[in-house]
Amino acid sequence: MQKTFTDQMGREVTINFPPKRIISIVPSQTELLFDLGLDQEIIGLTKFCIHPIEKFAERTKVGGTKKLNIDLIKDLKPDLIIGNKEENTQSDIEELAADFPVWMSDIFTLDDAMKTIGQIGELVDREPEASYLNHLISTGFNDLKTLALQHHIDKKVAYLIWRKPYMVAGKNTFINDILLINGMTNVVTQERYPSITLAELKALNCELILLSSEPYPFGEKHIEEIQAAIPEVKIILVDGEMFSWYGSRLVKAVQYFFEFQKQIISF
């Protein structure tokens with residue numbers, strides 16, 4: 001049967017329900033679909049959809065999130081494509097939407113992420129499974145908020161996502177919301193992902209700089225590089241997936257942030 005849904009960009013999307021040939025073009029949402037039990041239905045994913053790795057190897061790769069192989073996607077004849085406004089390019093989505101149902105998410109906060117999990121669960125006929133994931137996420141992150149308050153975590157931080165040029169996560173981002181939940185205040189006042197110099201970063205007087213493992217793979221040598229310019233600040237490497245993936249990875253993120261908070265308390 002056909003069923004119509006409204007995606008998070010306000011677009012009506014009509015699909016054959018439940019969908020049997022799904023292509024996911026966002027890594028965190030791909031992992032969510034597998035965790036919802038859609039092992040047989042997922043026929044295509046991007047080269048960045050690496051979790052779970054054993055499933056990644058078995059599926060057709062349809063390019064990168066920003067540069068999809070449109071012809072290959074058309075050959076696969078999906079009955080549903082699931083994307084994200086920030087992750088995917090408008091031109092790719094518009095071209096695909098001319099031929100296939102494309103459902104888009106648009107996520108800025110943890111609440112948005114949980115709403116997305118619920119809506120995708122409804123979209124793919126896995127509502128009970130999605131509800132259970134949201135229960136685990138809600139309970140876990142509420143506990144993290146409580147722990148941050150109890151331990152008086154109140155750190156001024158900057159979160160770097162790129163180098164040459166340096167770029168940071170600003171306001172109105174999912175990363176910013178995750179920082180707040182864990183007792184950290186983002187010193188960057190611009191929205192989205194502005195570029196920044198080390199001199200400008202130093203002037204923000206943050207107490208802690210977090211170097212993400214993705215999309216740029218920061219390592220120990222970059223700590224030394226930044227420390228030389230800003231010697232008074234504490235710099236640590238963090239798992240970018242935990243801060244920026246907004247699907248079922250959030251369940252795993254609860255334990256990560258429990259340990260992360262303990263590390264922060266010691267500073």
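Pro165 sits in the loop between strand 8 (155-162) and strand 9 (167-168). In this predicted model, the bond joining Lys164 to Pro165 is a cis peptide, with omega at about 0°. Phe17 and Pro18 are also joined by a cis peptide bond, and there omega is about -5°. Pro18 belongs to the loop between strand 2 (12-16) and strand 3 (22-24).

**Backbone angles in the loops**

While we are looking at loops, let us turn to phi. Arg192 is a residue other than glycine, yet its phi is positive, near 65°. You will find Arg192 in the loop between strand 10 (184-186) and helix 8 (198-203). Its relative accessibility is 25%, so Arg192 counts as partly exposed. Asp125 is not a glycine either, and its phi is positive at about 65°. Asp125 lies in the loop between helix 5 and helix 6, just after the end of helix 5. With 40% relative accessibility, Asp125 counts as partly exposed. A glycine joins the list too: Gly37, just after helix 1, takes a positive phi of about 95°.

**Helix 5 and its partner**

The loop with Asp125 leads us to the helices on either side of it. Helix 5 has 14 residues, which at 1.5 Å a residue should span 20 Å; the C-alpha atoms at its ends are 20 Å apart, so the two values agree. Its buried residues are Leu110, Ala113, Met114, Thr116, Ile117, Ile120, Gly121 and Leu123.

Helix 5 (residues 110-123) packs against helix 6 (residues 127-150) at an angle of about 165°, and their axes are 7 Å apart. An angle over 145 degrees counts as roughly antiparallel, so helix 5 is roughly antiparallel to helix 6. The crossing of these two helices is right-handed. On the helix 5 side, the contact uses Leu110, Met114, Ile117, Gly118, Gly121 and Glu122. Facing them in helix 6 are Glu127, Ala130, Leu133, Asn134, Ile137, Ser138 and Phe141. By type, the residues of this contact are 7 nonpolar, 4 polar and 2 charged.

**Helix 6 meets helix 11**

Helix 6 has a contact with helix 11 (residues 249-265) as well, where the axes come within 9 Å and cross at roughly 15°. Here helix 6 is roughly parallel to helix 11, because angles under 35 degrees are classed that way. The crossing is left-handed. Helix 6 contributes Leu133, Leu136, Ile137, Gly140, Phe141, Leu144, Leu147 and Ala148, while helix 11 brings Leu250, Val251, Ala253, Val254, Phe257, Phe258 and Gln261. This contact divides into 13 nonpolar and 2 polar residues, with no charged ones. Leu133, Ile137 and Phe141 of helix 6 appear both in the contact with helix 5 and in the contact with helix 11.

**Helix 1 and what surrounds it**

How many of the 9 residues of helix 1 are buried? The count is 8, so helix 1 (residues 27-35) is largely enclosed by the rest of the structure. The buried residues are Pro27, Ser28, Gln29, Thr30, Glu31, Leu32, Leu33 and Phe34.

Three residues elsewhere in the chain reach helix 1, and the table puts their accessibility side by side.

| Residue | Relative accessibility | Class |
|---|---|---|
| Thr65 | 7% | buried |
| Ile82 | 0% | buried |
| Ser248 | 2% | buried |

Thr65 is placed in the loop between strand 5 (60-61) and helix 3 (70-76). Beyond residues up to four places away in sequence, Thr65 touches Ile25, Pro27, Thr46, Phe48, Glu87, Asn88 and Thr89.

Ile82 is part of strand 6 (residues 80-84). Setting aside residues up to four places away in sequence, its contacts are Ile22, Ile23, Ser24, Ile25, Val26, Gln29, Leu33, Trp103, Ile120, Leu123 and Val124. Among them, Gln29 and Leu33 are buried residues of helix 1, and Ile120 and Leu123 are buried residues of helix 5. Between Ile82 and Ile93, 11 residues apart in sequence, the C-alpha to C-alpha distance is 9.9 Å.

Ser248 lies in the loop between helix 10 (240-244) and helix 11. Apart from neighbours within four places in sequence, Ser248 is in contact with Glu31, Leu32, Asp35 and Leu133. Of these, Glu31 and Leu32 are buried residues in helix 1, and Leu133 is one of the helix 6 residues that meet helix 11.

Terms used:
Residues are numbered from 1 along each chain as its sequence is written. This is a predicted model: local features need pLDDT of at least 70, side-chain atom pairs count only at pLDDT 80 or more; totals for chains, interfaces and linings use all residues. Side-chain values use heavy atoms; hydrogens and water are left out. Axes are lines fitted to C-alpha atoms, for helices over the stretch in contact, and angles run from 0 to 180 degrees between N-to-C directions. Helices (H or I, at least four residues) and strands (E, at least two) are DSSP runs, numbered from the N terminus. Angles under 35 degrees count as roughly parallel, over 145 as roughly antiparallel, 65 to 115 as roughly perpendicular and the rest as oblique. A crossing is left-handed if the near helix is turned anticlockwise from the far one by less than a right angle, and right-handed if clockwise. Contact means heavy atoms within 4.5 Å. Ala, Val, Leu, Ile, Met, Phe, Trp, Tyr, Cys and Pro count as nonpolar, Asp, Glu, Lys and Arg as charged, and the others, Gly among them, as polar. Buried means under 20% relative accessible area, exposed over 50%, partly exposed in between (1.4 Å probe, protein chains only). The expected span of a helix is 1.5 Å times one less than its number of residues.
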